[in-house]
Amino acid sequence: MVKIITAYKFIKPEKVDEFIEFTKPIIEKSRAEEGCISYTLYQDPSDNTKFIFYEEWKDQAAIDYHFSTEHFKLAGSRPDFEARSGELAIYDAKRVE
């Protein structure tokens, strides 16, 4: 069973470029974590202030570790980017092949 995280971010228009640059090292470090299967940031093409982090993790232990890392904590350290609060959901998923 895989764990999937969706994290929606709603960014102030004047902060979009800064937000994207700020997240690049966080994404790189997250992808390097042992339990990370995938970690991608998407931007809504019809509203460039809406973003979604789509993440796949090996198990809950991998997520727990991720949530304890300095780069994850850094990601939450910039509330000045946000136009409004984001939304986070974690799902259990079975890969269908």
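Which residue lies over the face of Phe10? That's Arg84, at 3.7 Å from the ring centre. Keep in mind that this is a predicted model. Here are my notes on the rest.

1. Another arginine does a similar job to look at: Arg78 lies over the face of Phe22, 5.6 Å from the ring centre.

2. Now for helix H2, which covers residues 60–68. Ala62, Ile63 and His66 are buried there. They span an arc of only 100° around the axis, so they sit on the same side of H2. If that seems odd, remember that an α-helix has 3.6 residues a turn, so residues three or four places apart point the same way. Turn to the other side of H2 and you find Ala61 and Tyr65, both exposed.

3. What do the buried residues of H2 pack against? Quite a list: strands E1, E2, E3 and E4, plus helices H1 and H3. Also check the start of H2, where a side-chain oxygen of Asp59 comes within 3.3 Å of the backbone nitrogen of Ala61.

4. On to the aromatic rings: the whole structure has seven aromatic pairs. In one of them, Phe19 and Phe81 meet edge-to-face, 5.7 Å centre to centre with 80° between the planes. Phe19 is in helix H1 and Phe81 in the loop between H3 and E4, so this pair ties together parts 62 residues apart in sequence. Phe81 is buried, at 2% relative accessible area.

5. Tyr39 and Trp57 are edge-to-face too, at 6.2 Å and 85°. Tyr39 belongs to strand E2 and Trp57 to strand E3, 18 residues apart. Trp57 has 0% relative accessibility, so it counts as buried.

6. Finally, Phe19, Phe22, Tyr39, Phe51, Phe53, Trp57 and Phe81 make up one aromatic cluster.

Note on methods: Residues are numbered from 1 along each chain as its sequence is written. This is a predicted model: local features need pLDDT of at least 70, side-chain atom pairs count only at pLDDT 80 or more; totals for chains, interfaces and linings use all residues. Side-chain values use heavy atoms; hydrogens and water are left out. Buried means under 20% relative accessible area, exposed over 50%, partly exposed in between (1.4 Å probe, protein chains only). Helices (H or I, at least four residues) and strands (E, at least two) are DSSP runs, numbered from the N terminus. The arc is that of the directions from the helix axis to the C-beta atoms. Contact means heavy atoms within 4.5 Å. A polar contact is a pair of N or O atoms within 3.5 Å; within protein, one must be able to donate a hydrogen and the other to accept it, and residues adjacent in sequence count only if both atoms are side-chain atoms. Rings of Phe, Tyr and Trp (its six-membered ring) pair if their centres lie within 6.5 Å; planes under 30 degrees apart count as stacked, over 60 as edge-to-face and the rest as tilted. A charge sits over a ring if NZ of Lys or CZ of Arg is within 6 Å of the ring centre and within 35 degrees of the ring normal.
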